[in-house]
Amino acid sequence: IFSVLGIPLGIISRRGGKSYGFVVSLAIFLTYFLLLSFGESFARNGRISPYFGPWLANIVFLFLGIFLMIESEKEIGWAQLSRPWGLWFARILSRFIPQGESQRTLGGTGSIQSKPRRLHPALPMILDKYVIKGFFKYFLLVLSSFIVIFVVFTFFELLNDVVNNHIPAIVVINYFRYLLPQIAYYMVPMSVLVAVLVNFNVLTRTSQIIAMKASGISLYRISVSVLLVSAAVSGSCFLLQEYVLPRCNQKQDALRDTIKGRNPQTYLRPDRKWMMGEQSRIFNYNFFDEDRNLFGDITVFEFEPESFEIIRRIYASRAVWLESQKEWVFKDGWSQGFKKQQAIQSEFVQFDKARFPEIREDPRYFKKEVKQSSQMSYRELQSYINDLKQSGFDVVRLTVALHKKVSFPAISLIMCMIAIPFSFSTGKRGSLYGIGLSILIGIIYWVMLEFFEQVGGAGKLVPFLAAWAPNFIFGASGIYFLFTIRT
């Protein structure tokens, strides 16, 4: 089916070049994969026939290929389809002919050659400083703009809660103060992409790139300085999410709960949560799966409302929410009654399954808007995953998040690799073209990032690939485009 689809696309888009074919192939693959996933998902849910679901993508692409075949036949006629094969065969044979002879005979002036003037490759040159300065000018400008836009939208989103809950201004200010590192962390890759595109686009539009090439400086040599700076930015992002973001996310999450009028969660350790309940009750748990409404290693402390003396403690290795009956089912645990701070031996009960109807806090009460993994460093999350594995919990989603802690900072370097060839190829189309192209590339990356994260979290893809697949795809594209530009 891909062959049927590829023939007319290759014929119709003969002016697009290799890069165009590569991009179209990638788009076709992603679309096919999405249709395949949707078809299988609908078939499992019973929305469509189980025989039709896995074939949905094949049928759609087969009809598309046939339609394009008919259109291509109308455009050039089937008699001309055999002509490209002769040229293709001749190109294959030419690879086995020594290149020295062909180079002297193909061009009429090929015998008169001058050796290019070599420049000392040491860093930094004056041009390196000039290019880096331009990069940082646009990078800081774009990053600041993204942060301001994000803060404004977030503020108006929370404005109603601030007014209704009478939140002091200092709480709102502190919330945004702790939120800024997370915003910067997410916006840095896009800022790198826009800065590289605009910077090199301006250099190309003002003919400075032509002057550099005329002086014997390769585009690869011009790009080295920006690539090194982008690598340093990626390293800085990793250090930021390792040493700054976990603590800041804990604080901004607690402040957001306050603004929203919810009881904030407190932390004695990064992997242990304490939360006040609705009726003189405190919850302490090690793990909460927001998708399956499942607690792991949970303890519930119940207190006397007036004296705040403990009256009962409930422990369970797991607790699952039954939506049909609107209550929690505690598994493999025990409960202990207390009176005047002393345990009552007759009120100790051990159970395999137990229900406590008085505990009415539903899963929405515990769900947070900041993901749990964002409040831990790489080592803390790795240790947390190992503890959960020993308890028999499914840690696929957390494992994907663990690999993502390394893969996401690296995207700044990959965005730079993609932006460099695009910026040189845009010619004199202007900076707005570069900004629009950056937004398009950024949207595609974020869609792929979320898609592969969901696929990995569902157990359909190895966690390492789920976290690194967008980087591999964009990195391969960047390397390909980087080595196809005229230097």
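How many aromatic pairs does a search of the whole structure find? The search finds 29 aromatic pairs, where rings of Phe, Tyr and Trp (its six-membered ring) pair if their centres lie within 6.5 Å. This is a predicted model, in which local features need pLDDT of at least 70 and side-chain atom pairs count only at pLDDT 80 or more, while totals for chains, interfaces and linings use all residues. Residues are numbered from 1 along each chain as its sequence is written, and side-chain values use heavy atoms, with hydrogens and water left out.

**View 1. The aromatic pair of Phe135 and Phe139 in helix H6.** The two rings are stacked (planes under 30 degrees apart), with 5.7 Å from centre to centre and 15° between the planes of Phe135 and Phe139. Because Phe135 and Phe139 are four residues apart in helix H6, about one helical turn separates them; helices are DSSP runs of H or I with at least four residues, numbered from the N terminus. Both Phe135 and Phe139 are buried, a word that stands for under 20% relative accessible area, whereas exposed means over 50% and partly exposed in between (1.4 Å probe, protein chains only).

**View 2. The aromatic pair of Tyr186 and Trp446.** The ring centres of Tyr186 and Trp446 lie 6.0 Å apart with their planes at 70°, so this pair is edge-to-face, the term for planes over 60 degrees apart. The pair links distant parts of the chain, since Tyr186 belongs to helix H7 (residues 169-205) and Trp446 to helix H15 (residues 431-457), 260 residues apart. Tyr186 counts as partly exposed at 34% relative accessibility, and Trp446 is partly exposed with a relative accessible area of 28%. Tyr186 and Trp446 also belong to one aromatic cluster, together with Tyr185, Phe408, Tyr445 and Phe474.

**View 3. The surroundings of Gln336 in strand E6.** Strand E6 covers residues 327-339, a strand being a DSSP run of E with at least two residues. Gln336 counts as buried at 11% relative accessibility, and its side chain reaches the backbone oxygen of Ile344 at 2.7 Å. Leaving aside neighbours within four places in sequence, the residues in contact with Gln336 (heavy atoms within 4.5 Å) include Ile311, Arg312, Arg313, Ala343 and Phe348.

**View 4. Val163 in helix H6.** Helix H6 runs over residues 126-164 and holds Val163. With a relative accessibility of 51%, Val163 counts as exposed.

Terms used. Polar contact = N/O pair within 3.5 Å; in protein donor to acceptor, adjacent residues only side chain to side chain.
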